[in-house]
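Visitor: I've got a model open and I'd like to learn how to read it feature by feature. Could you walk me through it?

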Amino acid sequence: MRASITKRLALIAMIPATLLGLVMVASPASAAVVSEAKLQGDIVYLTNKQRTLHGCKAVRVDARLTTAARGHSAWMGRTGTFSHTGNAGSSFITRAKAARYPQPASENIAFGYRSGLDVVKAWLASPGHRKNLLNCSVKTVGVGAVYAKSGTPYFTQNFGY
């Protein structure tokens, strides 16, 4: 009797677990992808939440800064580069001014995070990025969240006076 049970257990062990319905695996390709617009909106919302918690006024979204931020995120994703220095050696100041924003203040960048919350938490944990995010002198923001062909999200957050 024991030999029979042992043989049955050995046979069951050889059946792939997925056929038995015991294991569910989510590959990166099948994992839920948040839209770029939602990521951008979440980052603005969470930025303003943190700003008000720390005594700053909320920043308003500026389309020109958003254009500059999305352009830089797209460039980073396309080239696989992670840097504040962009296409043709551009800085966040030159990119914002090229988008016709007159007084750029600062820039935060990130990549690989899967939610706006994760991005904002990472920026708050970094002294330089935190200083940018909680600078009470800035009045406007533009956020660019862009997925590279690989599926990796790249983020840029530009602030202005």
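Guide: We'll take the fold, then the cores, two helices, the disulfide and a few single residues. Keep in mind that this is a predicted model.

Visitor: How many helices and strands does the protein chain have, and in what order do they run?

Guide: You'll find 6 helices and 4 strands. Starting at the N terminus, the order is α-α-β-α-α-β-α-α-β-β. Of the contacts between residues at least 6 apart in sequence, 69% join residues at least 24 apart. As for burial, 38% of the 161 residues count as buried.

Visitor: Which residues of the largest nonpolar core touch the most other members?

Guide: The general idea is that nonpolar side chains tend to be buried together in soluble globular proteins. Here the largest nonpolar core has 19 residues, and Ile-43, Trp-123, Leu-133 and Phe-155 touch the most other members. At least two residues of this core come from each of α2, β2 (104-111), α5 (116-125), β3 and β4 (153-160). Another core, of 5 residues, lies apart from it, with Met-76, Ile-109, Ala-148 and Tyr-154 among them.

Visitor: Now the helices. Where around α5 do its buried residues sit?

Guide: An α-helix has 3.6 residues a turn, so residues three or four places apart point the same way. In α5, the buried ones are Gly-116, Val-119, Val-120, Trp-123 and Leu-124. Their arc around the axis is only 130 degrees, so they lie on the same side of α5. The partners these buried residues pack against are α2, β2, α6 and β4.

Visitor: And α3, what span should its 17 residues have?

Guide: At 1.5 Å a residue, helix α3 (residues 63-79) should span 24 Å, and its end C-alpha atoms are 24 Å apart, so the two agree. Its buried residues include Leu-65, Ala-69, His-72, Trp-75 and Met-76. The buried residues of α3 pack against α2, β1, α4 (92-98), β2, β3 and β4. Have a look at both ends, too. At the start of α3, a side-chain oxygen of Asp-62 comes to within 2.8 Å of the backbone nitrogen of Arg-64. Just after the helix, Gly-80 has a positive phi of about 70 degrees.

Visitor: Which cysteines does the disulfide join?

Guide: There's 1 disulfide in the structure, and it joins Cys-56 to Cys-136, with 1.9 Å from S to S. The pair links distant parts of the chain, 80 residues apart: Cys-56 is in the loop between α2 (36-53) and β1 (60-61), and Cys-136 is in the loop between α6 (127-133) and β3 (140-147). For handedness, check the torsion about the S-S bond: at about -70 degrees, it makes this disulfide left-handed.

Visitor: Are those two cysteines buried or exposed?

Guide: The cut-off for buried is under 20% relative accessible area. Cys-56, at 6%, counts as buried, whereas Cys-136, at 39%, counts as partly exposed. Gly-55 is in the loop between α2 and β1 as well, and at 64% relative accessibility Gly-55 counts as exposed. Its C-alpha atom is 8.8 Å from that of Leu-134, and the two residues are 79 apart along the chain.

Visitor: What about polar residues in α2? What does Gln-40 contact?

Guide: Gln-40 is found in helix α2 and is buried, with a relative accessible area of 13%. A polar contact of 2.6 Å joins its side chain to that of Arg-70. Beyond its neighbours within four places in sequence, Gln-40 is in contact with Thr-66, Arg-70, Val-143, Gly-144 and Ala-145. Thr-47, also found in α2, is buried at 1% relative accessibility. Not counting residues up to four places away, Thr-47 touches Val-120, Leu-133, Gln-157 and Phe-159.

Visitor: Last one: how far apart are Val-141 and Val-61 in space?

Guide: Their C-alpha atoms are 5.0 Å apart, with their positions 80 residues apart in sequence. Val-141 lies in strand β3 and counts as buried at 1% relative accessibility. Leaving aside neighbours within four places, the contacts of Val-141 include Val-44, Val-59, Leu-65, Gln-157 and Phe-159.

Methods. Residues numbered from 1 in each chain as written. Heavy atoms only, no water. Disulfide = S-S within 2.5 Å. Buried < 20%, exposed > 50% of the residue type's maximum accessible area, 1.4 Å probe, protein only. Contact = heavy atoms within 4.5 Å. Core = buried A, V, L, I, M, F, W, Y, C linked by side-chain atoms within 4.5 Å. Polar contact = N/O pair within 3.5 Å; in protein donor to acceptor, adjacent residues only side chain to side chain. Arc of directions from axis to C-beta. Expected span 1.5 Å × (residues − 1).
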